[in-house]
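User: I'm new to this and would like to learn how to read a protein model. Could you walk me through one?

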Amino acid sequence: AGNGICKCRVCECFPNFTGSACDCSLDTQPCMASNGQICNGRGTCECGTCNCTDPKFQGPTCEMCQTCLGVCAEHKDCVQCRAFDKGEKKETCAQECMYFNMTRVESRDKLPQPGQPDPLSHCKEKDVDDCWFYFTYSVNSNGEANVHVVE
């Protein structure tokens, strides 16, 4: 794999590589989660990629959980203030809620759908006026959070 030399039809790997074809990186940096733990403490780093041991967690560093309560509720107030300029965090929005990229879409069918490379949570939450609003929350392989919200 370009990470070693071939001697008598056997790969001798350069440092930090292993495997019969030297195609397995021993570098754990790509597995480092935002909390500083390898694979968020929920998986093992194999060849520079997280193998999540808890099946409900996924993503490049085992940080996304589709079925866990909380992804939607956790980000609801920030999405509400960024998208609609209201809610509990309206006054502190600029300080507390700039941690995600936000894209407005016209309707629910324009929201990103499951099947994209980044794990995705679909959210339906009530705002301060008791109206429903819809958004998706995903984290890409660079660790950037992306929100799509229905206008």
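**Charges, rings and strands**

User: Over which ring does the charged end of Arg-42 sit?

Analyst: The charged end of Arg-42 sits over the ring of Phe-57, 3.7 Å from its centre. The label applies when NZ of Lys or CZ of Arg is within 6 Å of the ring centre and within 35 degrees of the ring normal. Tyr-134 takes part in another such arrangement: the charged end of Arg-108 is over its ring, 4.1 Å from the centre.

Keep in mind that this is a predicted model, where local features need pLDDT of at least 70 and side-chain atom pairs count only at pLDDT 80 or more, while totals for chains, interfaces and linings use all residues. Residues are numbered from 1 along each chain as its sequence is written, and side-chain values use heavy atoms, with hydrogens and water left out.

User: How many aromatic pairs does a search of the whole structure find?

Analyst: The general idea is to describe two rings by the distance of their centres and the angle of their planes. Here the search turns up 3 aromatic pairs (Phe, Tyr or Trp rings, the six-membered one for Trp, with centres within 6.5 Å; stacked under 30 degrees between planes, edge-to-face over 60, tilted for the rest). Take Tyr-99 and Phe-100: they are edge-to-face, with 5.0 Å from centre to centre and 85° between the planes.

User: Is Phe-100 buried or exposed?

Analyst: Phe-100 is buried, because its relative accessibility is 2%. The cut-offs are under 20% relative accessible area for buried, over 50% for exposed and in between for partly exposed, using a 1.4 Å probe and protein chains only. Tyr-99 has 38%, so it counts as partly exposed.

User: Why is the pair of Phe-133 and Phe-135 stacked?

Analyst: Their planes are at 20° and the ring centres are 5.7 Å apart, so this pair is stacked. Phe-133 and Phe-135 are both buried. Add Phe-84 and you have a cluster of three residues linked by ring pairs: Phe-84, Phe-133 and Phe-135.

User: Now the strands. How many helices and strands are in the chain?

Analyst: You'll find 2 helices and 12 strands (DSSP runs numbered from the N terminus: H or I of at least four residues for helices, E of at least two for strands). Going along the sequence, the order is β-β-β-β-β-β-β-β-α-α-β-β-β-β.

User: Which way do β10 and β11 run?

Analyst: They're antiparallel: strand β10 (residues 120–126) and strand β11 (residues 132–139) are joined by 7 bridges. Strands pair if DSSP finds at least two bridges between them. You can check the partners on screen: Leu-120 is opposite Ser-138, and Lys-124 has Tyr-134 as its bridge partner. β10 and β11 make a hairpin with 5 residues between them, and Asp-130 in the turn has a positive phi of about 65°.

User: What comes on the other side of the story, with β11 and β12?

Analyst: Strand β12 (residues 145–150) is antiparallel to β11, and 5 bridges join the two. Tyr-137 stands opposite Val-147 in β12. This is a hairpin too, with 5 residues between the strands and a positive phi of about 85° at Gly-143 in the turn. As for cover, 6 of the 8 residues of β11 are buried.

User: And how much of the chain is buried?

Analyst: Of the 151 residues in the chain, buried ones make up 32%. To picture the outline, the C-alpha trace spans about 75 × 30 × 25 Å along its principal axes.
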